[in-house]
Amino acid sequence: MNLLHVVQQLFEQYGYFVLLIGIPLDFIALPIPPGNSTLAYTGFLSFKGVLTSLPAFAAALTGALIGVTVTYWIGYKVGMPLIERFGKWLSLKPTIIEKTRRYYDKYGDKLLLIAFFIPGIRQFIGYFIGIIRIPYRNVIIYAYSGTALWVTSFFLVGYVFGEQWEQMFMLIERNLKVFFIVLGCAAVVFLLFRWFKRARNKA
């Protein structure tokens with residue numbers, strides 16, 4: 001079944017509760033309804049006047065923050081014990097988690113500002129930052145900001161483009177991977193430039 005059709009049916013039946021219940025489900029790796037299309041369709045319904053813009057946006061943001069918070073605390077409280085007990089079956093050893101944590105301490109916080117735009121990453125990022133015990137203060141600053149940026153962006157796709165929202169949404173979905181590949185390449189070039197500049201200054 002077409003995912004957008006699923007989203008439309010859910011809105012017809014449950015209204016705002018789709019946002020308060022459905023968006024958190026997207027974060028616990030049960031993307032029914034799928035987060036991106038749900039947010040874009042919410043913006044469209046607000047554009048049409050079917051939903052009131054401010055309550056709709058607030059419900060979407062609240063649902064997303066609930067999803068991040070719940071998955072973070074699940075990862076924080078029970079994630080590492082589960083990995084220590086069952087991780088060998090998934091090739092997830094505690095040593096790998098520790099190496100990942102050190103890498104994240106060096107580079108990761110700001111990546112949370114874009115992580116929620118990446119399908120497959122969004123559904124696990126909350127658990128991950130909980131497992132490696134990112135301080136909750138950092139979650140509030142970076143993860144919540146990234147969540148708000150994600151919600152706002154896709155809400156505006158539906159609200160700004162109105163009747164053309166589906167075409168624009170599909171265009172964004174098709175090119176999202178390309179965008180992040182380009183962004184990653186740009187980041188690598190930037191880091192190499194900084195390294196080269198630092199090495200030249202030392203010389």
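In which helix does Y41 lie? Y41 lies in helix 3. The model is predicted, and the protein chain has a mean pLDDT of 79, with 77% of its residues at 70 or more. Its secondary structure amounts to nine helices and zero strands. Two salt bridges are counted, and a nonpolar patch of F47, L156, Y159, V160 and F161 is found on the surface.

**Overall architecture**

- Read from the N terminus, the elements follow the order α-α-α-α-α-α-α-α-α.
- The protein chain has 203 residues, of which 37% count as buried.
- Taking contacts between residues at least 6 apart in sequence, 76% join residues at least 24 apart.
- The exposed area of the protein chain is about 12200 Å², and carbon and sulfur atoms account for 69% of that area.

**Confidence**

- Helix 8 has the highest mean pLDDT among the elements, at 92.
- Helix 9 has the lowest, with a mean pLDDT of 70.

**Salt bridge D26–R122**

- D26 and R122 form a salt bridge through their side chains, with an N to O distance of 2.7 Å.
- The partners come from distant parts of the chain: D26 belongs to helix 2 (residues 17-27) and R122 to helix 7 (residues 122-131), a separation of 96 residues.
- D26 counts as buried because its relative accessibility is 1%, under the 20% cut-off.
- R122 is likewise buried, because its relative accessibility is 3%.

**Salt bridge K48–E163**

- A salt bridge also joins the side chains of K48 and E163, at 3.1 Å from N to O.
- K48 is in helix 3 (residues 35-48), while E163 sits in the loop between helix 8 (136-161) and helix 9 (165-202), so this pair ties together parts that are 115 residues apart in sequence.
- K48 has a relative accessibility of 47% and therefore counts as partly exposed.
- E163 is also partly exposed, because its relative accessible area is 46%; the partly exposed class runs between 20% and 50%.

**Helix 3: Y41 and T42**

- Y41 counts as buried, because its relative accessibility is 11%.
- Beyond its neighbours within four places in sequence, Y41 makes contact with V7, Q8, F11 and W165.
- For one of these partners, Q8, the C-alpha atom is 7.8 Å from that of Y41, and the two residues are 33 apart along the chain.
- T42 lies in helix 3 as well, and T42 is buried because its relative accessible area is 0%.
- A polar atom of the T42 side chain lies 2.7 Å from the backbone oxygen of T38.
- Outside the residues up to four places away in sequence, T42 touches F11, L19, L51, A56 and F155.
- F11 is thus a contact of Y41 and of T42.

**Helix 4: T71**

- T71 is located in helix 4, which spans residues 53-86.
- With a relative accessible area of 1%, T71 is buried.
- The T71 side chain reaches the backbone oxygen of V68 at a distance of 3.1 Å.
- Apart from neighbours within four places in sequence, T71 is in contact with F27, I28, G126 and Y127.
- Among these contacts, F27 falls within the residue range of helix 2, and G126 and Y127 fall within that of helix 7.
- Helices 2 and 7 also hold D26 and R122, the partners of the 2.7 Å salt bridge.

**Nonpolar surface patch**

- The five patch members, F47, L156, Y159, V160 and F161, together have about 450 Å² of accessible area.
- Helix 8 supplies the largest share of the patch, namely four residues.
- One of the patch members, Y159, is placed in helix 8.
- Y159 is partly exposed, because its relative accessible area is 36%.
- Helix 8, the source of four patch residues, is the element with the highest mean pLDDT.

How values were computed:
Residues are numbered from 1 along each chain as its sequence is written. This is a predicted model: local features need pLDDT of at least 70, side-chain atom pairs count only at pLDDT 80 or more; totals for chains, interfaces and linings use all residues. Side-chain values use heavy atoms; hydrogens and water are left out. A salt bridge is a side-chain nitrogen of Lys or Arg within 4 Å of a carboxyl oxygen of Asp or Glu. Helices (H or I, at least four residues) and strands (E, at least two) are DSSP runs, numbered from the N terminus. Buried means under 20% relative accessible area, exposed over 50%, partly exposed in between (1.4 Å probe, protein chains only). pLDDT is the predictor's confidence in each residue, from 0 to 100. Contact means heavy atoms within 4.5 Å. A polar contact is a pair of N or O atoms within 3.5 Å; within protein, one must be able to donate a hydrogen and the other to accept it, and residues adjacent in sequence count only if both atoms are side-chain atoms. Patches are made of residues with over 30% relative accessible area and no salt bridge: like charges are joined within 9 Å, nonpolar side chains (Val, Leu, Ile, Met, Phe, Trp, Tyr) within 5 Å. Accessible areas come from the Shrake-Rupley method with a 1.4 Å probe; for residues, only the protein chains shown count as cover.
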